[in-house]
Amino acid sequence: MSSTYFDRFDIKEAHFLFWSEHHSGQFSDGYIRMCKALKNFKPASGLCWETLSDNGKDIYRDLCKREWEQCEYDSLTYLLEREEWDTDDDCVSWFVERYNDCKEDLCNYDRSDFVNIDMCYTKDLIDFYDRNEESVLRWLDEYCEAVDQTRLQAVEGTTIEDPDDLKTAFVNQAMSFLGMCLYSLVSDN
């Protein structure tokens with residue numbers, strides 16, 4: 001469990017928010033708990049995750065663990081939607097599927113690249129490019145703009161013997177850049 005401390009308002013707010021989001025109907029145990037909380041507590045009209053104190057958020061997380069619920073507020077999806085990222089983008093959605101419940105693992109992108117972390121087989125990289133070409137090239141262009149390079153300069157130093165080698169290099173550079181952007185976002189929050 002986390003290092004929460006006793007604060008009556010944090011406890012009441014966290015419990016109310018948790019049970020209002022996780023009860024399973026009017027006659028469920030969760031609904032009864034929420035109603036009990038309302039007997040001596042009137043929540044603010046804007047009560048939400050963002051308004052909880054850090055202690056209240058830890059209490060909410062503890063409730064999630066105790067009740068076997070996933071804390072959606074700790075997911076990569078929640079963070080990206082809050083920051084207004086396009087989660088329908090093919091490359092972004094790949095990262096969401098892979099790292100949604102373990103966004104801390106994005107820290108590997110601080111030291112390595114996509115090929116060494118997530119997709120080491122050339123065939124998989126080529127297939128990924130073929131399925132997601134538009135998204136890969138968009139993220140490659142984002143990288144090129146950030147470092148003021150062309151696409152070919154971005155993959156300089158990579159052995160390019162045929163068009164498939166270029167595809168794998170583009171995927172690696174684009175997804176490594178996106179992984180670093182996501183890691184930076186996760187680190188800042």
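This report walks through selected helices, loops and cysteines of a predicted model.

## Helix 1 and helix 2

Helix 1 spans residues 8–22 and helix 2 spans residues 29–39, and the axes of these two helices come within 9 Å and cross at roughly 145°. The crossing in which helix 1 passes helix 2 is left-handed. On the side of helix 1, the residues that make this contact are Lys12, Phe16, Trp19 and Ser20, while helix 2 contributes Gly30, Arg33, Met34, Ala37 and Leu38.

The loop between helix 1 and helix 2 holds serine 28, a residue that counts as buried because its relative accessible area is 12%, below the cut-off of 20%. A polar atom of the side chain of serine 28 lies 3.2 Å from the backbone nitrogen of tyrosine 31.

## Asparagine 40, after helix 2

Asparagine 40 belongs to the loop between helix 2 and helix 3, the latter covering residues 54–66. With a relative accessibility of 59%, asparagine 40 counts as exposed, yet its side chain makes a polar contact of 2.9 Å with the side chain of lysine 12. Lysine 12 is also one of the helix 1 residues in the contact with helix 2.

Along the chain, asparagine 40 and aspartate 54 are 14 residues apart, and in space their C-alpha atoms are separated by 23 Å.

## Helix 5 and its buried side

Which residues of helix 5 are buried? In this helix, which runs over residues 90–99, they are Cys91, Val92, Phe95, Val96 and Tyr99. These residues lie on the same side of helix 5, because they cover an arc of only 140° around the axis. Their packing partners are helix 4 (76–82), helix 6 (114–117), helix 7 (122–131), helix 8 (133–147) and helix 10 (163–188).

The start of helix 5 shows a further detail, in which a side-chain oxygen of aspartate 89 reaches to within 3.0 Å of the backbone nitrogen of cysteine 91.

## Tyrosine 109 and glutamine 173

Tyrosine 109 sits in the loop between helix 5 and helix 6, and although it is part of a loop, its relative accessibility is 1%, so it counts as buried. Leaving aside residues up to four places away in sequence, tyrosine 109 touches Phe95, Tyr99, Phe114, Ile117, Asp118, Met175, Ser176, Gly179 and Met180. Two of these names, Phe95 and Tyr99, also appear among the buried residues of helix 5. Tyrosine 109 and glutamine 153, in turn, are 44 residues apart in sequence, and the distance between them is 21 Å from C-alpha to C-alpha.

Glutamine 173 is located in helix 10, and is it buried or exposed? At 19% relative accessibility it counts as buried, since the cut-off for this class is under 20%. Again not counting residues up to four places away in sequence, glutamine 173 touches Leu140, Tyr143, Ala154 and Val155.

## Two loop residues with a positive phi

Most residues other than glycine have a negative phi. Tryptophan 68 is not a glycine, and yet it has a positive phi of about 60°. This residue is placed in the loop between helix 3 and helix 4, where it is exposed, with a relative accessible area of 79%.

Aspartate 148 likewise has a positive phi, of about 55°, although it is not a glycine. It is found in the loop between helix 8 and helix 9, the latter made up of residues 151–154, and at 71% relative accessibility aspartate 148 counts as exposed.

## Cysteines without disulfides

A disulfide is a covalent bond between the sulfur atoms of two cysteines. How many disulfides does the structure hold? The number is zero, and two of the cysteines show why in terms of distance. For cysteine 48, the closest cysteine sulfur belongs to cysteine 71 and is 13 Å away, which is too far for a bond. For cysteine 181, the closest cysteine sulfur is that of cysteine 91, at 12 Å, which is again too far for a bond.

The accessibility of these two cysteines can be stated as well: cysteine 48 counts as partly exposed at 27% relative accessibility, and cysteine 181 is partly exposed with a relative accessible area of 23%. Cysteine 91, by contrast, is one of the buried residues of helix 5.

Key:
Residues are numbered from 1 along each chain as its sequence is written. This is a predicted model: local features need pLDDT of at least 70, side-chain atom pairs count only at pLDDT 80 or more; totals for chains, interfaces and linings use all residues. Side-chain values use heavy atoms; hydrogens and water are left out. Buried means under 20% relative accessible area, exposed over 50%, partly exposed in between (1.4 Å probe, protein chains only). Helices (H or I, at least four residues) and strands (E, at least two) are DSSP runs, numbered from the N terminus. The arc is that of the directions from the helix axis to the C-beta atoms. Contact means heavy atoms within 4.5 Å. A polar contact is a pair of N or O atoms within 3.5 Å; within protein, one must be able to donate a hydrogen and the other to accept it, and residues adjacent in sequence count only if both atoms are side-chain atoms. A disulfide is a pair of cysteine sulfur atoms within 2.5 Å. Axes are lines fitted to C-alpha atoms, for helices over the stretch in contact, and angles run from 0 to 180 degrees between N-to-C directions. A crossing is left-handed if the near helix is turned anticlockwise from the far one by less than a right angle, and right-handed if clockwise.
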